[in-house]
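Q: Please take a close look at the charged side chains of this protein, and set them against the fold and the nonpolar parts around them. I would like the cut-offs stated as you go.

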Amino acid sequence: MKMISFAAATVSILIATPACATPGLGEEVYAATIERETEIEARYGQLAGRADDGTGALVVEASHGFSTKFRAALLAEFEREPDGGRHASAFAVEAIHTLGRFGGIDTAVYGEYEVARHGPGKIQTKLLLQKHAGRFDTRLNLIAERQMMAGAPVTFGYAASADVAAIGDFRLGAAAFGDLSGDEGGHHFAGPVVKTEIEHVGRGELELETGYLFALGSARDSARGQFRLLAAYAFPF
């Protein structure tokens, strides 16, 4: 019942919250637990339909879990313009520190410092919540960020997912990303995702995730949705 209540609360946030520049594009829903391993990850998202059709973002991340309580990573982001042009847009360092389990929910805090190639960088923090019970896994990231420029406001957003072990190593579920600071219904993207793991690839395992998120709220003004693909290779260090 706790798992069902947590999932219901997550779904209610996905539906009811009012928007970030393009929520979900090149993003992931972070877990609140840490493995002692090194991971190389690539995340790609691309908008489909309307004025922003073809706009994409690729994030490449290298991380290391120094313990089950602390993980740090370096990131590089590359953008794709609607006309097909690509360029490196930002570089960042991030860290995650676990806080423990409260009421059956794992919690952690996340911090990121980003330097943009053109324009101001930003500082971002997240509260990571995760409930894992049997075949079910539910995650909620509450996000606050501020651009590094005088007078810039703090904006709020979320990333959430819920999935269940289905057939073999495949997991089926849904993910959603959105902005809590927007108006006119906010920018939101939500839709189905499929995840799987391939073990014994060299020294580690390969994790894959793909899906399609439908544009909701004011996000529908510039796109119909976004395709997403995530590939991560994790191995013991």
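A: Followed along the sequence, the protein has the pattern α-β-β-β-β-β-β-β-β-β-β-β-β, which comes to 1 helix and 12 strands (DSSP runs numbered from the N terminus, with at least four residues for a helix, H or I, and at least two for a strand, E). This is a predicted model, in which local features need pLDDT of at least 70 and side-chain atom pairs count only at pLDDT 80 or more, while totals for chains, interfaces and linings use all residues. Residues are numbered from 1 along each chain as its sequence is written, and side-chain values use heavy atoms, with hydrogens and water left out.

Of the 237 residues, 44% are buried (under 20% relative accessible area, with exposed meaning over 50% and partly exposed in between, for a 1.4 Å probe and protein chains only). A search of the whole structure finds 11 salt bridges (a side-chain nitrogen of Lys or Arg within 4 Å of a carboxyl oxygen of Asp or Glu).

One of these joins Glu61 to Arg43, with the closest N and O atoms 2.9 Å apart. The two partners come from separate strands, Glu61 from E2 (residues 56-65) and Arg43 from E1 (residues 38-48), and lie 18 residues apart in the chain. Glu61 counts as buried because its relative accessible area is 1%, and Arg43 is buried as well, at 4%. A second pair, Glu145 and Lys122, meets at 3.4 Å, N to O, and links strand E7 (residues 136-147) with strand E6 across 23 residues of sequence; both Glu145 and Lys122 are buried. In a third pair, Asp163 and Arg171 meet at 2.6 Å, N to O, and Asp163 counts as buried because its relative accessibility is 5%. Through shared partners, salt bridges also join Glu28, Glu41, Arg43, Glu61, Arg71 and Glu94 into one network.

Lys126 needs separate attention. This residue, in strand E6 (residues 122-133), is buried yet has no salt bridge, and the nearest side chain of opposite charge, Glu27, is 5.3 Å away (Lys and Arg count as positive, Asp and Glu as negative, and His and the chain ends are not counted). Leaving aside neighbours within four places in sequence, Lys126 is in contact with Tyr30, Ala108, Val109, Tyr110, Leu142 and Ile143 (contact meaning heavy atoms within 4.5 Å).

The nonpolar setting comes next. The largest nonpolar core has 14 residues, and those with the most contacts inside it are Leu47, Ala159, Ala175, Phe177, Phe189 and Leu213 (a core being a set of buried Ala, Val, Leu, Ile, Met, Phe, Trp, Tyr and Cys residues joined through side-chain atoms within 4.5 Å). Strands E9 (170-179), E10 (187-201) and E11 (204-217) each supply at least two residues of this core. Apart from it lies another core, of 11 residues, which includes Tyr30 and Tyr110, and these two residues are also among the contacts of Lys126.

On the outside, Leu74, Val93, Tyr113, Val115, Ile123 and Met148 make a nonpolar surface patch of about 530 Å² (patches use residues with over 30% relative accessible area and no salt bridge, joining like charges within 9 Å and nonpolar side chains within 5 Å; accessible areas come from the Shrake-Rupley method with a 1.4 Å probe, and for residues only the protein chains shown count as cover). Leu74, in strand E3 (residues 70-80), is exposed because its relative accessible area is 57%.
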